[in-house]
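Here are my comments on the model you sent. Please read them with the structure open.

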Amino acid sequence: MITNEQREKLRGWFAGRLPDDLFEELTEITVDREEITVIGRIPEPRLAEDAPAAEREAALESRVQEFRERTREDRMAVAREAEHRFRRKVSWGVECGGQRALFTHVAAPVMTRLRQPERQVLDTLIAGGVARSRSDALAWCVRLVQRHTDDWLTELRDSLEHVQRVRAQGPDAEPDHGPHTGAADDAHDADDEE
């Protein structure tokens with residue numbers, strides 16, 4: 001888990017590094033142990049006010065695809081730098097016309113041991129056509145919990161961050177260097193290249 005300050009520095013790095021004309025607005029950056037997801041707003045296609053829903057949907061889909069193809073090289077260059085600096089994969093997405101589309105994202109395997117009653121829940125979701133596999137069913141359960149407990153999870157994350165700060169101030173604490181932010185390593189890497 002990273003602190004709010006580290007999250008702000010990460011967002012600032014992307015805000016400073018992304019080409020000015022890439023997004024209308026950098027709307028969200030999320031981070032976990034494996035991945036940084038960067039989402040920005042892009043302009044909606046120009047349509048008549050009374051355009052049918054099907055036309056609007058097709059236009060939004062086309063706009064997202066056009067943006068994805070046109071900006072691929074720029075996004076890949078930023079991702080390479082960020083992956084080196086922050087030691088996480090970078091995923092991309094956009095918001096357009098009130099819809100969100102993710103281009104790439106990490107599907108990280110999670111190993112767990114479930115007892116029979118828990119496996120039966122997953123198997124019921126499969127039998128009911130909600131999921132194709134136990135893995136898919138487990139992901140569905142996590143999304144359901146996330147949707148209904150977002151405020152609680154936010155409060156828990158804030159509490160964990162507070163615990164990390166208090167631990168860092170303890171008598172046995174070493175000077176705080178925090179998780180890898182890349183600055184020191186970048187300087188070291190530069191020396192290696194010369």
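The points below cover the sheet, the helices on it and one helix pair.

1. Note that this is a predicted model. Its four strands make an open sheet, ordered β1-β2-β3-β4, with mixed pairing. β1 (25–31) and β4 are the edge strands, each pairing on one side only. From one strand to the next, the twist averages 20°.

2. Start at the β1 edge. β1 and β2 (residues 35–41) run antiparallel and are joined by six bridges. Ile29 stands opposite Val38 in β2.

3. Now the other edge. β3 (residues 89–96) pairs with β4 (residues 99–102) over four bridges, in the antiparallel sense. Glu95 faces Arg100 in β4 as its opposite residue. The two strands, β3 and β4, form a hairpin with two residues between them. Look at Gly97 in that turn: its phi is positive, about 60°.

4. Helix α1 (residues 4–17) lies across β1, β2 and β3. It runs at about 135° to β1. Helix α2 (residues 53–70) also packs on the sheet, where it touches β3 and β4. The direction of α2 makes about 145° with that of β3.

5. How do the axes of α4 and α5 cross, and at what angle? Helix α4 (residues 116–127) and helix α5 (residues 134–148) have axes that come within 9 Å and cross at roughly 100°. Angles of 65 to 115 degrees count as roughly perpendicular, so α4 is roughly perpendicular to α5.

6. In that contact, α4 supplies Arg119, Leu122, Asp123, Leu125 and Ile126. They meet Arg134, Ala137, Leu138, Trp140 and Cys141 in α5. By class, the contact of α4 with α5 has seven nonpolar, three charged and no polar residues.

Technical notes
Residues are numbered from 1 along each chain as its sequence is written. This is a predicted model: local features need pLDDT of at least 70, side-chain atom pairs count only at pLDDT 80 or more; totals for chains, interfaces and linings use all residues. Side-chain values use heavy atoms; hydrogens and water are left out. Axes are lines fitted to C-alpha atoms, for helices over the stretch in contact, and angles run from 0 to 180 degrees between N-to-C directions. Angles under 35 degrees count as roughly parallel, over 145 as roughly antiparallel, 65 to 115 as roughly perpendicular and the rest as oblique. Contact means heavy atoms within 4.5 Å. Ala, Val, Leu, Ile, Met, Phe, Trp, Tyr, Cys and Pro count as nonpolar, Asp, Glu, Lys and Arg as charged, and the others, Gly among them, as polar. Two strands pair if DSSP finds at least two bridges between them.
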